[in-house]
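I opened this one up to see how the helices and the sheet fit together. My notes follow in the order I looked things up.

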Amino acid sequence: MKTLGQVLVESYGVPPEVIAQALALQEEKGGRLGEILVQQKNISPNDLLKARSTQCGLELMVQLPTDSDPFFTSRIPIHYLKKFKMIPVATPDESFIAVAEPFYFQQLDDLQRVLEWRGMKTVLAPQEEIFKAINTAYDRSSQTHADQVMQDMDVEDPEAIISEIEETADLLDDTSDAPVIKLVNLMLAQAVRDNASDIHIEPYQDMVKIRKRVDGILYDMYRPPKHVQGKLVSRVKIMAKLDIAEKRLPQDGRIEIRIADRNVDIRVSTLPTSFGERVVMRLLDKSNVLLSLPDLGMSQRDLDTFHKLIRAPYGIILVTGPTGSGKTTTLYSALSILNSPDINIITIEDPVEYQIKGISQVQVNPKIDLTFANGLRTIVRQDPDVILVGEIRDLETAEIAIQSALTGHLVFSTLHTNDAASAVTRLTDMGVESFLVSSSVNAILAQRLVRKICTHCSEEFVPGREYLAQVGLTPEDLGGRSLFRSRGCPECLNTGYQGRIGIFELMVMTEDLKNFILTTSDSNQIRRRAMAAGDMLTLRQDGLQKVIAGMTTIEEIFRVS
């Protein structure tokens, strides 16, 4: 067999001296020839795959089928396939074994023997494709176990729940036999796969209900027997390192897990109710947090304005909206734009949801009197250029944030209000003087999240005049364009929606508006003044623009605004 270097020289035109240099580097520092050449940008990853295919005489398959049967999951451990980077693929049309490393001859032979696939065709595939197929197969297979787990609950050993308190590195690798542990792993794996933001374990008089929140809407998952309620809650509390003996007081904890290739941080909250402890888990997928500002859904006009605002030398930018409206994601997206070696950014949050390299993040801890106000006082002495305060909850925090803005710092923070104008009212209700609000606040951004129409099953329709009249539109407003709706399909769990997008209301504090705020803090009057200047679209107006653009539906806009 020819060496990889020979194949690259003869078939792919790589100069011999480049191969010689890479071999010398390999001799000195170790590593693999192909990877060294890719790192030096002498060949592309695609060229390396093709060269290895030529070298081994194997067919190259850049993309593996998505409809493969996961028949092997009960016979082959997941870690075996991951370790040796191979997977059996069986579709209605063909069967083969895909490998990323062709030189694991013995392991490939063992796999063929166990599956009784002697002489089966072998193809070469990219490592990331193989890992994705492995995770999909075992994840899909795990769903078939849910009914069996429910049946096993009746015969479960009550002590089994505390026999193994440390979770494995990857939940898909967990081979525990305890039905409750299986159920928790299934529950978490399914929620992550469906991009759920929350899981609820809700006890009632004669049943337990497990639900997930996907795109802001709750859906039923499982209804395990009532008698496993205590063990189910105990398992979650053990994973979150909470006190399983304390059932009378609320508790908060945290779980860090990996499911397939996704690292997920879970915030756990327990609440005693009449029928037992209620548990809510907030899932934070670390791989999904840092969206760029254009991905959030701002109109181009608001986006241009917001870009200018976040580069101001000082002042406060407030983001408002209810819990779960995406405020933190918007603020992190803004910070990631500003994050550079010449700027000192410090945040104080409750909790720190995602770690961002290059930014100092402080976790609020009321037990040791590290509140927003106390932490903010110290942060100001740390020579920051940009400060993020997780939430302005009281007058003391508001006053320190305002003083920071007036002394040359750019401050980002959040408030829980219904719209942008109400943030002014909220601050004055806290006790902040109106002249301090008008002199320190640069802009207020209100936002909500609406579900996006599923692109797999969307269809055009022409709305009737009565339908449009309900939302204050006329056929002329649409300019002859159709609207979109979805029928529902497996891709969107038959909901008609898939994913979410933001709708925004950006109120920039112009000189006229600042002077007006000195005379009143009435939110309705402030909103009318901002709209009269022609500079602000309300949440509903921005939402209707997205309806006309075919991104969402009128029902969604009315649901959140």
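Before calling any helix pair, I wrote down my cut-off: angles of 65 to 115 degrees count as roughly perpendicular. I also noted that this is a predicted model.

Helix pair. I started with H1 (residues 4-12) and H4 (residues 45-56), whose axes sit 9 Å apart at an angle of about 105°. That falls within the cut-off, so I put H1 and H4 down as roughly perpendicular to each other. Next I looked up who makes the contact: H1 brings Leu4, Val7, Leu8 and Tyr12, while H4 brings Leu48, Lys50, Ala51, Arg52, Thr54 and Gln55. Sorted by class, I get 6 nonpolar, 2 polar and 2 charged residues.

Sheet. I found 4 strands in an open sheet, ordered S1-S4-S3-S2, with mixed pairing. S1 (59-60) and S2 (86-90) are the edge strands, each pairing on one side only. I then followed S2 to its neighbor: S2 and S3 (residues 95-99) run antiparallel and are joined by 5 bridges. For isoleucine 87, I traced the bridge partner to alanine 98 in S3. Helix H6 (residues 105-115) packs on this sheet and touches S2, S3 and S4 (122-124). I have the direction of H6 at about 35° to that of S2.

Length check. Which span should H13 (residues 327-338) have? At 1.5 Å a residue, its 12 residues should cover 16 Å, and the end C-alpha atoms are 17 Å apart, so the two agree. I also listed the buried residues of H13: Lys327, Thr330, Leu331, Tyr332, Ser333, Ala334, Leu335 and Leu338.

Notes
Residues are numbered from 1 along each chain as its sequence is written. This is a predicted model: local features need pLDDT of at least 70, side-chain atom pairs count only at pLDDT 80 or more; totals for chains, interfaces and linings use all residues. Side-chain values use heavy atoms; hydrogens and water are left out. Axes are lines fitted to C-alpha atoms, for helices over the stretch in contact, and angles run from 0 to 180 degrees between N-to-C directions. Helices (H or I, at least four residues) and strands (E, at least two) are DSSP runs, numbered from the N terminus. Angles under 35 degrees count as roughly parallel, over 145 as roughly antiparallel, 65 to 115 as roughly perpendicular and the rest as oblique. Contact means heavy atoms within 4.5 Å. Ala, Val, Leu, Ile, Met, Phe, Trp, Tyr, Cys and Pro count as nonpolar, Asp, Glu, Lys and Arg as charged, and the others, Gly among them, as polar. The expected span of a helix is 1.5 Å times one less than its number of residues. Buried means under 20% relative accessible area, exposed over 50%, partly exposed in between (1.4 Å probe, protein chains only). Two strands pair if DSSP finds at least two bridges between them.
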